[in-house]
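Hi,

Here is the structure I promised to pass on. Have a look at it first, and then read my notes below.

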Amino acid sequence: MKSDIKSILIVDDAEFIRLTLKEIFVKNGYHVIGEAVNGEDAIEKYKELRPDLVTMDITMPKMNGIESTKKIIEYDPNAKIVIVTSMTTKAYITKA
């Protein structure tokens, strides 16, 4: 499956999480082409960079990950987005 993913956009408001995910991806041969700190930033960077994969946090300022995921999919129905979150409530998991 790795051959399908060439570029990754990491979206998380926590710098530690972005750095950790980036380290994991780079160590495994992936190319992280951008990072976004909130949902609005994620949409802009997605349109600009057109990554093969997005990792999306749920809880972020300005626009949460669920709303930004919806907007990215409206823009590009073929977008590949993986929700990465520490939220454990069933409501958030169901929405994601």
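One thing before we start: this is a predicted model. I'll go from the sheet to the helix lying across it, then to the cores, and finish with two single residues.

**The sheet**

Start with the strands. Four of them form an open sheet, and the order across it is β2-β1-β3-β4, with parallel pairing. The edges are β2 and β4 (81-83), each of which pairs on one side only. On average, neighbouring strands in this sheet are turned by 20° against each other, ignoring direction. If you zoom in on β1 and β3, you'll find that they pair in the parallel sense over four bridges. One residue to click on is Ile 8, whose bridge partner in β3 is Leu 53.

**Helix α1**

Now find the helix that lies across β1, β2 and β3: that's α1, and it runs at about 170° to β2. Does the length of α1 agree with what you'd expect, or disagree? You can check this yourself. Helix α1 covers residues 15-27, which is 13 residues, and at 1.5 Å a residue it should span 18 Å. The C-alpha atoms at its ends are 18 Å apart, so the two agree.

Which residues of α1 are buried? They are Arg 18, Leu 21 and Phe 25. Looking down the axis of α1, you'll see these buried residues fall within an arc of 70°, so they line one face of the helix. The cover over them includes β1 (7-11), β2 (31-36) and β3 (53-56). Turn to the other side of α1 and you'll meet Glu 15, Phe 16 and Lys 27, which are exposed. After α1 comes Gly 29, which has a positive phi, near 90°.

**The nonpolar cores**

The largest nonpolar core has twelve residues, among them Leu 9, Val 11, Ala 42, Ile 43, Tyr 46, Val 54, Met 56 and Ile 72. Which elements each supply at least two residues of this core? They are β1, α2 (39-49) and β3. The largest share, three residues, comes from α2.

Ile 72 is a handy place to begin exploring here. Leaving out residues up to four places away in sequence, Ile 72 touches Ala 42, Ile 43, Tyr 46, Met 56, Ala 79 and Ile 81. Apart from this core lies another one, of seven residues, including Ile 5, Ile 8, Phe 25 and Leu 53. You've met Phe 25 already, as one of the buried residues of α1.

**Two residues to try on your own**

Ser 7 sits in strand β1. Is Ser 7 buried or exposed? Its relative accessible area is 11%, and buried means under 20%, so Ser 7 counts as buried. Not counting residues up to four places away in sequence, Ser 7 touches His 31, Ile 33, Arg 50, Pro 51, Asp 52 and Leu 53.

For the other one, go to the loop between β3 and α3 (65-75), where you'll find Pro 61. Its relative accessible area is 42%, which makes Pro 61 partly exposed. Along the chain, Pro 61 and Asp 12 are 49 residues apart, yet 9.8 Å separates their C-alpha atoms. Setting aside neighbours within four places in sequence, Pro 61 is in contact with Asp 13, Val 37, Asn 38 and Gly 39.

Happy exploring!

Definitions and conventions: Residues are numbered from 1 along each chain as its sequence is written. This is a predicted model: local features need pLDDT of at least 70, side-chain atom pairs count only at pLDDT 80 or more; totals for chains, interfaces and linings use all residues. Side-chain values use heavy atoms; hydrogens and water are left out. The expected span of a helix is 1.5 Å times one less than its number of residues. Buried means under 20% relative accessible area, exposed over 50%, partly exposed in between (1.4 Å probe, protein chains only). The arc is that of the directions from the helix axis to the C-beta atoms. Contact means heavy atoms within 4.5 Å. A nonpolar core is a set of buried Ala, Val, Leu, Ile, Met, Phe, Trp, Tyr and Cys residues joined through side-chain atoms within 4.5 Å. Two strands pair if DSSP finds at least two bridges between them. Axes are lines fitted to C-alpha atoms, for helices over the stretch in contact, and angles run from 0 to 180 degrees between N-to-C directions.
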